[in-house]
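Q: Could you take a close look at one part for me, the place where the two chains meet? I'd like to know what it is built from and what holds across it.

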Protein chains: 2
Amino acid sequence: MKRIADSTVRRLSMYLRYLEDLDTRGQQTASSDELAHLCGTTPAQVRKDLSFFGSFGKRGLGYPVHELTAHLREILGLQREWKVLIIGAGKIGAALANYRGFRQRGFTVAGVYDNDPNKVGQPWGEAIVRPMDALEADLNRDDAPIAVLAIPAEGAQAVVDRLVKAGVRAILNFAPTQITVPPHVNLKSVNMAMELEGLSFALTNPGYLDEGAA
Amino acid sequence: MKRIADSTVRRLSMYLRYLEDLDTRGQQTASSDELAHLCGTTPAQVRKDLSFFGSFGKRGLGYPVHELTAHLREILGLQREWKVLIIGAGKIGAALANYRGFRQRGFTVAGVYDNDPNKVGQPWGEAIVRPMDALEADLNRDDAPIAVLAIPAEGAQAVVDRLVKAGVRAILNFAPTQITVPPHVNLKSVNMAMELEGLSFALTNPGYLDEGAA
DNA sequence: CCCTGCTTGTGAACAATTTCACAAGCTCTA
DNA sequence: TAGAGCTTGTGAAATTGTTCACAAGCAGGG
Ligand SMILES: NC(=O)c1ccc[n+]([C@@H]2O[C@H](COP(=O)([O-])OP(=O)(O)OC[C@H]3O[C@@H](n4cnc5c(N)ncnc54)[C@H](O)[C@@H]3O)[C@@H](O)[C@H]2O)c1
Ligand SMILES: NC(=O)c1ccc[n+]([C@@H]2O[C@H](COP(=O)([O-])OP(=O)(O)OC[C@H]3O[C@@H](n4cnc5c(N)ncnc54)[C@H](O)[C@@H]3O)[C@@H](O)[C@H]2O)c1
């Protein structure tokens, strides 16, 4: 079984988004060329990405939109519902918990946790903030959720260790710090300051990007 | 002038974060090995990344922490203040506007814009929400800010076109849609749904990741 | 002053990813 | 049934990014 690049998975996710659009508009087929234009990539890339998982298209015609949508959902594991735990009932946590885009894709917020006694027990969106102490007891190992970490950097690694010990095998981290997890746990980090700094770099050093500008 | 990979810039940003830590703790020097461990990369990677910009270390000793910190700030363009415009006074916009991490790095929110008449004019953190109409007049082309796009996907491309026309040359986009900009404009997108779907994929297809699992 | 022990800086090897290019195959038309 | 016109699927080539390995060079001790 071939290793799939991270970049490929991200693109699959994007193909799915646009295929869903086309599907609701009733379009029957889409060529790799059309998908590429929608997603800002190249036709060859689209075909190569899909070819890792099977051969879904018809030569001369393109890909059947509705069918490919279903295939991609399955590949990405989106036929099922995923439970999501939000750790940290702060500003970022609040934005995420109410984010419609997640629910649309089958991610449902199963709980919100915080260690601030003033927040615990308070209503928060449709949920009630739970104490960190309750974490282990709340978790069902057979259906371990995805954890979203939205707490300050200082406590992050300790909380991650605790989540991992409790059976969580996927974590989306927003704290701007390096987190380590055992190999069987999947970790993704979103670091917004880093993105802004990337823009700062690009604005400051146009020469390093536009090959050969003086 | 050599093209610098995106991944390199992201790592520079991370090196800077940890060097600042070491600096405040008074540590004089740091080896590529130490930095690598802090940042979750390899010593060779650290040295190669830095070598693109000069030779900052002393053989046998390592890198002078304070000095390298300054160099990295300069490379990343962080000696100066960057003005940031937030477009969309919603939940994500609110989280970002109050995010301490940005101000710490020299990014200051210069304005918040929205097209909802009920939000325009309302106080919002330390700012007051301004109408989209005011955008062009507010912008000073000689000191164009970085724009953060926190509005729904539907209107995103139109607003981007308008920002670009008004002189904005760097945009951080949170709307989950493909945006196109002319080549002289820098665009980064953060797509959280895509990250979650990446986790879903990893949980669903362990075989595609752990080389050769049956 | 020279030797020992480290650590950098970097070309070259390697690995991963993207792009190319084209044979194979489908549909439609006559 | 044959031919035209597209578009897929995929090895091979090209490009991009990471890791290796080692000469060069500094500090500190004898
Ligand atoms: N606000 C943003 O726009 C933004 C952007 C990028 C990254 N981040 C990062 O996201 C994280 C959260 O940011 P925020 O703005 O929501 O902060 P916040 O202060 O609004 O919220 C943090 C919450 O986490 C809780 N908390 C702290 N330590 C905890 C622990 N050990 N266990 C459980 N709960 C704990 C606090 O009680 C608080 O409710 C930070 O790491 C921040 O750097 C925030
Ligand atoms: N909330 C989240 O956690 C989250 C996570 C990831 C991505 N996003 C994305 O970020 C964007 C904003 O999300 P949100 O949750 O803050 O939404 P929101 O509805 O809370 O806020 C959106 C704001 O944008 C304003 N707006 C809409 N169209 C506009 C236009 N053309 N010009 C100016 N202002 C306009 C609205 O009046 C509203 O105030 C969306 O694209 C969403 O998909 C949100």
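A: Here's a walk through the contact between the chains, with a short stop at the cavities afterwards. Keep in mind that this is a predicted model.

Let's start with the overall numbers. Chain A puts 63 residues into the contact, and chain B puts in 63 residues as well. Together they bury about 6,200 Å², with carbon and sulfur atoms giving 67% of that area.

On the polar side, there are four salt bridges between chain A and chain B. One of them joins the side chains of Glu195(A) and Arg10(B), at 3.0 Å from N to O. Counting polar contacts across the interface gives 18 residue pairs, with both partners at pLDDT 80 or more.

So much for the pairs; now the pieces on chain A's side. The elements giving two or more residues there include helices H1 (6–24), H2 (32–39) and H4 (65–76), plus strands E9 (170–173) and E10 (186–189) of chain A. H9(A) gives the most, with 13 residues. By class, chain A's side splits into 37 nonpolar, 14 polar and 12 charged residues.

And the empty space? The structure has three cavities of 30 Å³ or more, and the largest has a volume of about 80 Å³. Its lining includes Val84(B), Phe102(B), Arg103(B) and Thr108(B). E4(B) supplies the largest share of that lining, three residues, while E3, H5 and H6 of chain B are among the elements that each supply at least two. The lining counts nine nonpolar residues, one polar and one charged.

Definitions and conventions
Residues are numbered from 1 along each chain as its sequence is written. Chains are lettered from A and ligands numbered from 1 in the order in which they are written. This is a predicted model: local features need pLDDT of at least 70, side-chain atom pairs count only at pLDDT 80 or more; totals for chains, interfaces and linings use all residues. Side-chain values use heavy atoms; hydrogens and water are left out. Contact means heavy atoms within 4.5 Å. Buried area is the accessible area (1.4 Å probe) that two parts lose on being put together, summed over both. A polar contact is a pair of N or O atoms within 3.5 Å; within protein, one must be able to donate a hydrogen and the other to accept it, and residues adjacent in sequence count only if both atoms are side-chain atoms. Helices (H or I, at least four residues) and strands (E, at least two) are DSSP runs, numbered from the N terminus. Ala, Val, Leu, Ile, Met, Phe, Trp, Tyr, Cys and Pro count as nonpolar, Asp, Glu, Lys and Arg as charged, and the others, Gly among them, as polar. On a 1 Å grid over the protein atoms alone, a cavity is a set of points where a 1.4 Å probe fits but cannot get out, and a pocket is an open set with protein on both sides within 12 Å along at least five of seven lines; lining residues have an atom within 4 Å of a point. Grid points are joined across faces, edges and corners, and a volume is the space filled by probe spheres set on the points.
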